[in-house]
Amino acid sequence: MNRPFSSAALTAALVVLSPLGALAGSVYLNGVLIDGVTNTKFEKATVRIDEAGNIHIDAPGYRASTTTVAPPPTVPAQAAMAPGAATPAAPSGATPAVAQAATPQAMAMPASGQGAPAAVAAPAVATTPGRVTQRYWLVTEQTVPGMTEYDIDVYVNSRWLRKLRGNEDQVVVDVTKHLQPGANQVMLMAKKVGTGSRRSDSPKHVFRVIIGEGNEGGGNVMIDNPLIRFQTTAAESKDVTQEFTLTTR
């Protein structure tokens, strides 16, 4: 009859029964022979002893695998036999199978939250894509052209790209060829160009620049993934500069 053991009881049972196992039977984890395995603790396990004295550990969430260790290569006699040296023992063939108790599947913690090893994240490997696979567009939007009295200079990776004038119609331009794979530095510099009395001081008059991933079709451009948003309004009177990091893919 199977009887669930606590962690402490299971450890005590293994200590008490290990001499018997060495004399009368073997130890199995979920049906896999693990004779010789030491310093191992199983959580939420059931232990039973069959009529032959074999110890069976049923531990859901654990697995065991058997690995055959290849014998070491034979050392040539002339190299091994030095004056006064003992004759090395010849290898006796493959060593016995070595059973390795695996950690719980998917490194999951037991319900009690104790006993299972914490998952160790593998170090991330930084990779840089070889080329830009998406298309990137710059689009301007204005509620009323010219009312903000701003011109905006666009720089990509410290190189001047173009000037966006507040009194011109909407600008739509493909900027993919100006971007490198990975991170790109984009700087937008808005300069107030109005002279004399201001045409407007309303925050509702907006000059906006959007840069992002998009597609072209039927004479139209649609930005599916906006990555940079920059805007000024007629209510502002000072020059504005803002820097962004645009990561391509």
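1. The lining of the largest cavity is made up of seven nonpolar residues, with no polar and no charged ones. Those residues are V154, V156, V175, L179, V186, I211 and L246. The volume of this largest cavity is about 30 Å³. Searching the whole structure turns up one cavity of 30 Å³ or more. Keep in mind that this is a predicted model.

2. Next, the sheets. One is an open sheet of four strands, in the order β10-β7-β12-β13. Its pairing is antiparallel. On average, neighbouring strands here are turned by 20° against each other, direction ignored.

3. Which strands stand at the edges of this sheet? They are β10 (172-174) and β13 (220-233). Each has a single partner strand, so one side of each is left without a neighbour in the sheet.

4. A closer look at the β7 and β10 pair. Strand β7 covers residues 136-142 and is joined to β10 by three bridges. The two strands run antiparallel. To find the pairing on screen, start at W137: its bridge partner in β10 is D174.

5. Another open sheet of four strands has the order β2-β1-β4-β3. Here the pairing is mixed. The edge strands are β2 (32-33) and β3 (46-49), and each pairs on one side only.

6. Within that mixed sheet, how do β1 and β4 pair, parallel or antiparallel? Strand β1 (residues 27-29) and strand β4 (residues 55-58) pair in the parallel sense, over three bridges. L29 has I57 as its bridge partner in β4.

Terms used
Residues numbered from 1 in each chain as written. Predicted model: local features only at pLDDT ≥ 70, side-chain atom pairs only at ≥ 80, totals over all residues. Heavy atoms only, no water. Pairing = 2+ DSSP bridges. Axes fitted to C-alpha atoms, helices over the stretch in contact; angles between N-to-C directions. 1 Å grid on protein atoms, 1.4 Å probe; cavity = no way out; pocket = protein on both sides within 12 Å on 5 of 7 lines; lining within 4 Å. Points joined across faces, edges and corners; volume = space filled by probe spheres on them. Nonpolar A, V, L, I, M, F, W, Y, C, P; charged D, E, K, R; others polar.
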